[in-house]
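This report describes a ligand site and a few residues of one protein chain. The sequence and structure are shown first.

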Amino acid sequence: MSRRKPSFLTNDLFPREIDIEVCLKTLKIYQKIEGDVNCVVWDASLVLAKYLETMCHQKSDFLSGIKVLELGAGLGVVGLAAATLGAQVTLTDLPEAMTLLRLNINENKAKISSMGGYATAESLVWGEGSSEIYKDEWDMIVLADCVYYEEAIDPLIETLQNLNSSTNKRMVIYLTQELRDSEVQKQLWDKFYTKLTNIFNVIKIPQEEQHANYRSEDIILLKISKKF
Ligand SMILES: C[S@@+](CC[C@H](N)C(=O)[O-])C[C@H]1O[C@@H](n2cnc3c(N)ncnc32)[C@H](O)[C@@H]1O
């Protein structure tokens, strides 16, 4: 007897392939034809995934065995790239994003484990402080294109602050953001950036240090760390 796949697997999804050149692996990421912002791959996630790959090219153990947490992972491009490059990654997003995110983790599981990495998904809503995730010690936080609506700014800053204060490690945060043209989006970004720089050390990573084919004037890449 043949087992039918859930209908969204056959009808609504289409895959995107992303090469992780440094280890000759290709991630297969399923996107949804119609859906919310967590159902497509955003360019900022490609810039960050490819920056991590560039760093691993320069320093082969850059991600090996380290504990990485992704916020607002969407379909999981950044976290899955990090796991394929050897990191132990927890990818997080809203509860409704978990089905597709877990599908993408399963799809790429064999590649990830062959590289010594690991990936799992858990829901984490920014600003909701009761999660076990805050009790863990993370080496690195990654997030791509997560600053896009007003109500999320304070909860996102609060989440970064909670994660930062719950670790004794020298945790580093890599963030990419597409800087959109509209006045509303510009003001949102300025507000977030001002709050971020009040709390953390923030360095803008120049274009020439990023992946030659995956960088853009419109996408900012930040390295964020604790203020001492
Ligand atoms: C523009 S998408 C970016 C997705 C992915 N990082 C990428 O670049 O492809 C923003 C993501 O943030 C997630 N998100 C929005 N508000 C959130 C919240 N309050 N808590 C957790 N995740 C949230 C969305 O579900 C979505 O996956």
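Which backbone oxygen does the side chain of Gln-177 reach, and at what distance? The side chain of Gln-177 reaches the backbone oxygen of Val-147, at 3.0 Å.

The model is predicted, so local features need pLDDT of at least 70 and side-chain atom pairs count only at pLDDT 80 or more, while totals for chains, interfaces and linings use all residues. Residues are numbered from 1 along each chain as its sequence is written, and side-chain values use heavy atoms, with hydrogens and water left out.

**Gln-177 and Asp-145**

Gln-177 belongs to strand β7, residues 172–178; helices (H or I, at least four residues) and strands (E, at least two) are DSSP runs numbered from the N terminus. Gln-177 counts as buried because its relative accessibility is 2%. Here buried means under 20% relative accessible area, exposed over 50%, and partly exposed in between, with a 1.4 Å probe and protein chains only.

Asp-145 lies in the loop between β6 (140–144) and α5 (153–165). With 9% relative accessibility, Asp-145 is buried. Its phi is near 55°, a positive value in a residue other than glycine. The side chain of Asp-145 makes polar contacts with Gln-177 at 2.9 Å and with Arg-180 at 2.7 Å. A polar contact is a pair of N or O atoms within 3.5 Å; within protein, one must be able to donate a hydrogen and the other to accept it, and residues adjacent in sequence count only if both atoms are side-chain atoms. Asp-145 and Ser-166 are 21 residues apart in sequence, and their C-alpha atoms are 24 Å apart in space.

**The ligand**

The ligand is surrounded by 17 residues, and the closest are Gly-72, Asp-93, Trp-126, Ala-144 and Tyr-149. A residue is counted as near if one of its heavy atoms lies within 4 Å of the molecule. The shell divides into 11 nonpolar, 4 polar and 2 charged residues. In this scheme Ala, Val, Leu, Ile, Met, Phe, Trp, Tyr, Cys and Pro are nonpolar, Asp, Glu, Lys and Arg are charged, and the others, Gly among them, are polar.

The table lists polar atom pairs between ligand and protein.

| Ligand atom | Protein partner | Distance |
|---|---|---|
| oxygen | N or O atom in the side chain of Asn-38 | 3.1 Å |
| nitrogen | polar backbone atom of Trp-126 | 3.1 Å |
| nitrogen | N or O atom in the side chain of Tyr-149 | 2.7 Å |

On its own the ligand has 590 Å² of accessible area, and the protein covers 96% of that. Accessible areas come from the Shrake-Rupley method with a 1.4 Å probe; for residues, only the protein chains shown count as cover.

**Two further residues**

Is Leu-24 buried or exposed? Leu-24 counts as exposed because its relative accessibility is 77%. Leu-24 is placed in the loop between β1 (13–20) and β2 (25–32), and its phi is near 55°, a positive value in a residue other than glycine.

Phe-200 is in strand β8, residues 200–204, and is buried, with a relative accessible area of 1%. The C-alpha atoms of Phe-200 and Ser-225 are separated by 5.7 Å, although the two residues are 25 apart along the chain.
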